[in-house]
Amino acid sequence: MSRSISQRTQWLRVMASALLCMTLMSCSALSKTGESEPAPQSIEQKTELEAEPLKEQSIPAFTAPLTGLPVEQPVLERPLAIMINNAPAARPQAGLSQADMVYEVLAEGGITRLVAFFQSYSGDVKIGPVRSIRPYLIELGETYGALPIHAGGSTDAYAILQQQKKEHLDEISNGGAYFWRSKDRRPPHNLYTDVSRLRKGIDHKGYVKQAEVPVYPYLKSGEAPVMTDESAASLQIRFLLKNYRVSYTYDPADQQYKRFVNEKSHVDQNNNQQLSAANVIVMSASHRTLDDVGRLSVALNGSGEAMVFQQGRVIHAQWQHTPGDAVRFMKNGVEIPLTPGTSYIHVVPADTSLNEHVTINTK
């Protein structure tokens with residue numbers, strides 16, 4: 001009998017222990033799933049929630065057609081092709097550091113003229129001195145859908161503008177209100193304008209405000225040129241006169257070629273900033289003298305030799321131009337992508353080889 005009682009007592013102790021264990025387990029489960037103490041996340045959940053989102057490479061929504069640089073809004077304005085005086089008395093010029101692209105082309109007597117294209121810049125800094133136009137400069141502006149901006153012109157240039165009823169703004173004949181003369185220089189080296197005034201002139205004249213601009217291929221940010229031939233730490237360009245010796249030195253810090261004229265820094269009068277270019281291009285074209293004054297005809301259609309300098313290297317290339325398109329720069333039938341930024345393009349006579357116009361220093 002006592003053994004039976006002992007067994008029963010032992011059985012009751014086991015049952016009590018089991019009930020106590022079940023109660024503790026139930027409480028533990030409640031503590032894990034109840035609202036007062038949330039259940040811990042699994043390793044997978046915690047990793048997923050705590051991991052920082054991957055940062056995608058920033059791709060600009062819009063780029064400027066003539067530079068390839070990122071912009072906040074689409075650039076749809078018609079470019080302005082402003083004829084800039086490049087005589088020694090006109091230097092330093094104003095506003096060139098805001099230009100999207102600049103051509104340097106011979107005019108009569110061996111002097112050169114700068115054709116500065118403004119499209120993505122919309123401010124009111126002064127630009128100039130503004131000078132006269134020639135037929136091939138009209139053609140050059142139209143290559144990029146630009147409105148010619150000038151002060152006077154050759155007889156042949158005026159004939160083209162008037163007979164073909166081309167839109168243009170000329171300080172002498174139809175747009176004097178959109179230019180002004182400074183008092184710090186003597187004429188004709190003191191005529192200036194600005195983009196804001198010129199846009200108002202376009203509105204007042206009822207000219208076309210927007211234009212489809214041919215677009216160049218551009219390298220992606222941080223991408224190196226793939227068609228290069230050799231290093232080009234600096235270069236010198238020979239036109240005709242000693243007063244127009246142009247040179248560039250590459251600055252690896254900002255991947256820009258710094259511009260010099262007659263071995264002196266070529267700066268912008270507005271901000272004393274040295275002019276620079278992401279791309280320096282020299283192209284050889286046929287030049288023909290038309291009269292005793294030395295006025296020229298420059299053949300900008302067709303093709304010829306070219307050198308493209310970018311990121312401290314040179315590409316020996318060819319240029320080609322067909323009506324309705326930009327001047328393209330090719331190597332072995334493939335167009336050369338430009339480095340985003342301002343481009344300076346120099347047109348030299350094809351009577352001698354391009355190597356005689358350009359001296360390249362590799363170091």
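Contact here means that heavy atoms lie within 4.5 Å of each other. The exercises below concern a predicted model, and each is followed by a worked solution.

**Exercise 1. Describe the surroundings of I281: in which strand does I281 lie, is I281 buried or exposed, and with which residues is I281 in contact once its neighbours within four places in sequence are left aside?**

Start with the position in the chain, where I281 belongs to strand β16, made of residues 279–285. Next consider accessibility: the relative accessible area of I281 is 0%, and because buried means under 20%, I281 counts as buried. Then list the contacts, which, with the neighbours within four places in sequence set aside, are M307, V308, F329, L338, Y344, I345 and H346. Finally, take one of these partners, V308, and compare sequence with space: the two residues are 27 residues apart along the chain, while their C-alpha atoms are separated by 4.6 Å.

**Exercise 2. Work out how helix α4 is placed: which of its residues are buried, which exposed residues are carried by the face turned away from the buried side, and what do the buried residues pack against?**

The helix spans residues 155–163, and its buried residues are A157, Y158 and L161. Looking down the axis of α4, one finds these buried residues within an arc of 95°, so they line one face of the helix. The general background is that an α-helix has 3.6 residues a turn, so residues three or four places apart point the same way. On the face turned away from the buried side, the exposed residues T155 and Q163 are found. The buried residues themselves pack against α3 (135–143), β6 (147–150) and β7 (169–170). As a last step, follow the chain beyond the helix, where K165 has a positive phi, near 50°.

**Exercise 3. Turn to helix α3: which of its residues are buried, and which elements are included in what covers them?**

First collect the buried residues, which are Y136, L137, I138, L140, G141 and T143. Then ask what lies over them: the cover includes β3, β4, β5 (112–118), α4, β18 (296–298) and β20 (313–321). Just after this helix comes G145, with a positive phi of about 70°.

**Exercise 4. Analyse strand β4: how many of its residues are buried, which way do they point, and with which strands does β4 pair?**

Begin with burial, since β4 is mostly covered, with six of its six residues buried. Now sort the residues by direction: M101, Y103 and V105 point one way from the strand, whereas V102, E104 and L106 point the other way, and all are buried. This can be set beside the general rule that in a regular strand the side chains alternate between the two faces of the sheet. For the pairing, β4 and β5 run antiparallel and are joined by six bridges, with V115 in β5 as the bridge partner of Y103. Five residues lie between the strands of this hairpin, in which G109 takes a positive phi near 75°. The pairing of β4 with strand β23 (residues 343–349) is parallel and runs over five bridges, and there E104 stands opposite H346.

**Exercise 5. Explain the setting of Q93: where is its place, is Q93 buried or exposed, and which polar contact does its side chain make with the side chain of N86?**

The place of Q93 is in the loop between β3 (80–85) and β4 (101–106). Its relative accessibility is 1%, and therefore Q93 counts as buried. The side chains of Q93 and N86 make a polar contact of 2.8 Å, and a polar atom of the Q93 side chain lies 3.0 Å from the backbone oxygen of N85. Not counting residues up to four places away in sequence, Q93 also touches others, including L114, G128, P129 and H266.

**Exercise 6. Examine the aromatic residues: how many aromatic pairs does a search of the whole structure find, and which parts does the pair of Y216 and F329 tie together?**

The search of the whole structure finds nine aromatic pairs. In the stacked pair formed by Y216 and F329, the distance is 6.5 Å centre to centre, with 25° between the planes. Because Y216 lies in the loop between α5 (195–205) and β10 (230–231) and F329 in strand β21 (residues 328–331), the pair ties together parts that are 113 residues apart in sequence. Both residues, Y216 and F329, are buried, and together with Y103, F117 and Y144 they form one aromatic cluster.

How values were computed:
Residues numbered from 1 in each chain as written. Predicted model: local features only at pLDDT ≥ 70, side-chain atom pairs only at ≥ 80, totals over all residues. Heavy atoms only, no water. Buried < 20%, exposed > 50% of the residue type's maximum accessible area, 1.4 Å probe, protein only. Helix = DSSP H or I, 4+ residues; strand = E, 2+ residues; numbered from the N terminus. Arc of directions from axis to C-beta. Polar contact = N/O pair within 3.5 Å; in protein donor to acceptor, adjacent residues only side chain to side chain. Phe/Tyr/Trp six-rings, centres within 6.5 Å; stacked < 30°, edge-to-face > 60°. Pairing = 2+ DSSP bridges.
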